[in-house]
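User: Got a minute to go through this one with me? I'd like the reasoning behind the labels, not just the labels.
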Amino acid sequence: MAAALLTPTQRYAAGALLALALRQAQIHQSVLLGAPSSAADDERASSASGGSSGSSGGSGEDAADDAGLWTHDSRGLLRPVFRFLEINPAAWAGLEETAASPEAKHHIGAFLRMIFEEDGESSSDRSDQEHALAKGVDVMAMSLRSDHVEDESTKEGDQGPSTSSGTAESLAGGSPEDLLGAEKLSLDDVPATDHRKMSLLFALLSACVADKPVSQEEEDRKSSRFRKGYDARHRVALRLLATWLDVKWIKMEAIEVMVACSAMAAAKEQEQSGENALPKSKWAKWKRGGIIGAAALTGGALLAITGGLAAPAIAAGFGALAPTLGTLMPVIGASGFAAMATAAGSVAGSVAVAASFGAAGAGLTGTKMARRIGSVKEFEFKPIGENHNQGRLAVGILVSGFAFDEEDYIRPWEGWKDNLERYILQWESKHIIAVSTAIQDWLTSRLALELMKQGAMRTVLSGFLAAFAWPATLLAAMDFIDSKWSVAIDRSDKAGKMLAEVLMKGSQGNRPVTLVGFSLGARVIFKCLQELALSSDNEGLVERVVLLGAPVSVKGEQWEPARKMVAGRFVNVYSKDDWILGVTFRASLLTQGLAGIQAVDVPGVENVDVTELVDGHSSYLSAAQRILEHLELNTYYPVFIPLPPAVNKEQM
């Protein structure tokens, strides 16, 4: 059992650290980590709960009673973890109160010291297991890197403030305390050795995805807050904890693969043993022990794991891990894990991660909408990249919204290197291609070239002109685009509702989702978030969001509820020179502002100006990958690494 890696005292501290990380991550939804602080930010930090702000500003006991807090009992995020870690139930309320208190971040260093202190509770066997696990994580991380070649100086810097990626400089000169989101914490609290860090993260991730027994009263609520699987808020909290520990995120991704594969190995063992119905079978013992992913495996149909792990690199890494995992999880044993590694890549098959974590049928690629919304005729997920069938516990959905052919739904994303299991959403290609082509045809017309020569386009985006002062020739020339644009806007709004239905249905397998889109695809994502926000039970589905060149009104839309649906980073990427977006969406530009050409003044939204990289709306087709790479999305805190001077618009 993963929790056995830690002593009782360390398990208590581990539960406390997860609670503190959850609370701090929720605060960072509305107060960006590392940004200059203001009085308004301090007020938001004390009341960032989603419930009444009054209780959050009082005593820790009053704050702990605020049902809007992620650490509140009603959210179902902490007590199942405490139960898995075998923390004394008498201590649960105290841990929740500590996490909810205004002084919460003062306690982080103390609990970290408890994790790393050596005392009489430790044993040589436990120490051997810790070192074996740490070596196993290194092997798996190397396997992931072999599929994922990156610039080490930019992408693999440590998560802490000492990172070599230039992150610290990009955070307005934030202090190390600001970067870590913790006070009274020094690197002396976090030893350089990896083995205890890996044990802590492995135990916490196991607890986050393991069986979540709830009381009958809670079951009667039938609330999706108690959905099984991997909650996005847990993943964001683990990101922050990895930052405190100065652990590279790729090592956490390696642990995720190990946990997922452990769950699948358990499913395979159950299938082969034929003991499914026997209460005293290995499987029953596995579940009662709260072993990794046990309950998650009951969330959907178990698909045959005929091919094991499809990628040879992952298979090699997993084969090297077999002895370690066999020791940690004796129910399966080293031979069971070795068998999985042997089968890996030898037969074309499917690792049922999505099914294991609650997906029905074939997951996203098999999604068939129960109902079509409005006139939407095309709405299809297609896998992209090489991270499928490899035990990934996080999903990326990438949405294009400006295209000249169907390949443009894939082209902007295919070179982006990330360890997500990625899908593109192909939607209403007929209308998207039609409006994109109409805009392109107009751009190459003699009239457009003359207007650009006169500087009329930059005048349009000056923000000081009323509608009647716009060049009449420009407005007349754009009339023929308006009808196509209006149809595309309508379809994007409806596609956003359909995407929300897919996520609420759990077709992604109750795994954290990253949503990235540009142009009308960014609007699809925003409308999806708005639909999710109609119920607070949908928090925990989406981990990160990036909107590039979004045709979304700044003042005319509900940004705050949409922001609450995203557990981690929410990035608005804009270009002040994107006059095509301004003209085609000119009603919002004049009266309410437009996200794709300006910053959005909403707490918790990162604004990234890429005017130097993007000089036209269609530029996102070629620039999206480079922008994503320099956003460093796997970094917990806001960051955008400037491009080298040699890279300019002409090269984009």
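Analyst: Here come a few questions about helix packing, a sheet and a cavity; bear in mind that the model is predicted.

User: Why is helix H1 called roughly perpendicular to helix H13?

Analyst: H1 (residues 8-27) and H13 (residues 232-245) pack at an angle of about 105°, with their axes 8 Å apart. Roughly perpendicular covers 65 to 115 degrees, so H1 counts as roughly perpendicular to H13.

User: And how do you know that H1 and H13 meet, and which residues do it?

Analyst: Contact takes heavy atoms within 4.5 Å. On the H1 side, the residues include Leu-17, Leu-18 and Gln-24, and on the H13 side Arg-233, Val-236 and Trp-244 are among them. By class, the contact has 12 nonpolar, 2 polar and 1 charged.

User: What makes S1 and S7 edge strands?

Analyst: Each pairs on one side only. The sheet is open, with 7 strands in the order S1-S3-S2-S4-S5-S6-S7 and mixed pairing. On average, its neighbouring strands are turned by 20° against each other, direction ignored.

User: How do you know that S4 pairs with S5?

Analyst: Pairing needs at least two bridges, and 6 bridges join S4 (residues 513-518) to S5 (residues 542-548), so the two count as paired. They run parallel. One of the bridge partners is Leu-547 in S5, which goes with Gly-517.

User: What lines the second largest cavity?

Analyst: That cavity has a volume of about 150 Å³. Its lining has 18 residues, and the closest to its centre are His-28, Arg-563, Gly-568, Arg-569 and Tyr-636. By class, the lining has 9 nonpolar, 4 polar and 5 charged residues.

Notes. Residues numbered from 1 in each chain as written. Predicted model: local features only at pLDDT ≥ 70, side-chain atom pairs only at ≥ 80, totals over all residues. Heavy atoms only, no water. Helix = DSSP H or I, 4+ residues; strand = E, 2+ residues; numbered from the N terminus. Axes fitted to C-alpha atoms, helices over the stretch in contact; angles between N-to-C directions. 1 Å grid on protein atoms, 1.4 Å probe; cavity = no way out; pocket = protein on both sides within 12 Å on 5 of 7 lines; lining within 4 Å. Points joined across faces, edges and corners; volume = space filled by probe spheres on them. Nonpolar A, V, L, I, M, F, W, Y, C, P; charged D, E, K, R; others polar. Parallel < 35°, antiparallel > 145°, perpendicular 65-115°, else oblique.
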